[in-house]
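Welcome! Take a moment to look through the sequence and the 3D view, and then let us walk through them together.

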Amino acid sequence: MKSITSDDSLPLVMLGAGGHAKVLLSLAQGAGLNVRGVCDPALAQQEKSEWRGIKVLGGDDVLDDFDPTAVGLINGIGQLVGSLGRRRIFERLVAKGFRFPVLVHPSAWVDASAVLHEGVQVMAGAVIQPDTEIGSNSIINTRASVDHDCCIGAHVHIAPGATLCGCVRVDDSAFIASGATVIQGRSVGEGAVVGAGSVLVRDLGARLIFLGSAALKKAEFSK
């Protein structure tokens, strides 16, 4: 695995305390990483001192007190269809000089030839096969499978149990939902969505939504 990121030995600060952050904290602890604390406005407002065994450092403004070269950040904001919050936080803090290390769960399989860009998160049981490239701030979620020679852009979410066959291209900010399959050699355009459980057998253009043939037939029948 070729990781394009900063010093992975830095102490880490979690951003957010929702469901995605819980999974990432489990990943980090399983990998033996040093998570210094969590920044979350809601926890700070509730005056919580601890979250899941780590210190609550404050809201987002507390990052102003940190040297960007002295800590790494974990983007604990989940990525939902149409949501830009995760991307905006990543880009804003990178512009301030902060870095987001690549995170890979100990139970994931990532081939040595795969290239993972800054902030990529690979969850438990995921598989990334040879000569695949994953763009910055993308999520390869629990038990997702990315086969050989795939090219995945930045800010992409490959949801739990999704499968990309060989030589698939997924452009920036696309969303491959849980249990979806994209067959070999297909492309998914920027901001496009492949619906849960569907099988994509043709190219999908930018910002289009594919729900599978059964869902499309149902939608046409109801008109």
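## Cysteines first

A search of the whole structure turns up 0 disulfides, a disulfide being a pair of cysteine sulfur atoms within 2.5 Å. Please keep in mind that this is a predicted model, in which local features need pLDDT of at least 70, side-chain atom pairs count only at pLDDT 80 or more, and totals for chains, interfaces and linings use all residues. Residues are numbered from 1 along each chain as its sequence is written, and side-chain values use heavy atoms, with hydrogens and water left out.

Two cysteines can be set side by side. For how open they are to the outside, buried means under 20% relative accessible area, exposed means over 50%, and partly exposed is in between (1.4 Å probe, protein chains only).

| Cysteine | Nearest cysteine sulfur | Distance | Relative accessible area |
|---|---|---|---|
| Cys-150 | Cys-167 | 7.0 Å | 2%, buried |
| Cys-151 | Cys-150 | 8.8 Å | 30%, partly exposed |

## The chain as a whole

How many helices and strands does the protein chain have? There are 4 helices and 24 strands; these are DSSP runs (helices H or I, at least four residues; strands E, at least two), numbered from the N terminus. For 223 residues, a compact globule would have a radius of gyration near 17 Å, and the 18 Å of the protein chain agrees with that. This radius is taken over C-alpha atoms, and the globule rule is 2.2 Å times the number of residues to the power 0.38. Along the principal axes, the C-alpha atoms fill a box of roughly 55 × 45 × 30 Å. Of the 223 residues, 44% count as buried.

## Strands side by side

Two strands count as paired if DSSP finds at least two bridges between them. An open sheet is formed by 6 strands in the order β1-β9-β12-β15-β18-β21, with parallel pairing. β1 (2-3) and β21 (187-188) stand at the edges with a single partner strand each, so one side of each has no neighbour in the sheet. Strand β18 (residues 169-170) runs parallel to β21 and is joined to it by 2 bridges; Val-170 has Val-188 as its bridge partner in β21.

Elsewhere, strand β2 (residues 12-15) pairs with β6 in the parallel sense over 4 bridges, and Met-14 has Ile-74 as its bridge partner in β6. In a regular strand the side chains alternate between the two faces of the sheet. Strand β6 (residues 72-75) is covered on both faces: Gly-72 and Ile-74 on one side are buried, and so are Leu-73 and Asn-75 on the other.

## Inside the protein

A nonpolar core is a set of buried Ala, Val, Leu, Ile, Met, Phe, Trp, Tyr and Cys residues joined through side-chain atoms within 4.5 Å. Which residues have the most contacts inside the largest core? They are Ile-140, Leu-164, Ile-176 and Val-188, in a core of 31 residues. Apart from this core lies another, of 18 residues, including Met-14 and Leu-103.

Contact means heavy atoms within 4.5 Å. Beyond its neighbours within four places in sequence, Ile-176 is in contact with residues including Leu-164, Val-170 and Val-188.

Finally, meet His-155, in the loop between β15 (151-152) and β16 (157-158). Is His-155 buried or exposed? His-155 is buried, with a relative accessible area of 6%. Not counting residues up to four places away in sequence, His-155 touches several residues, among them Arg-87, Phe-90, Glu-91 and Ser-173.
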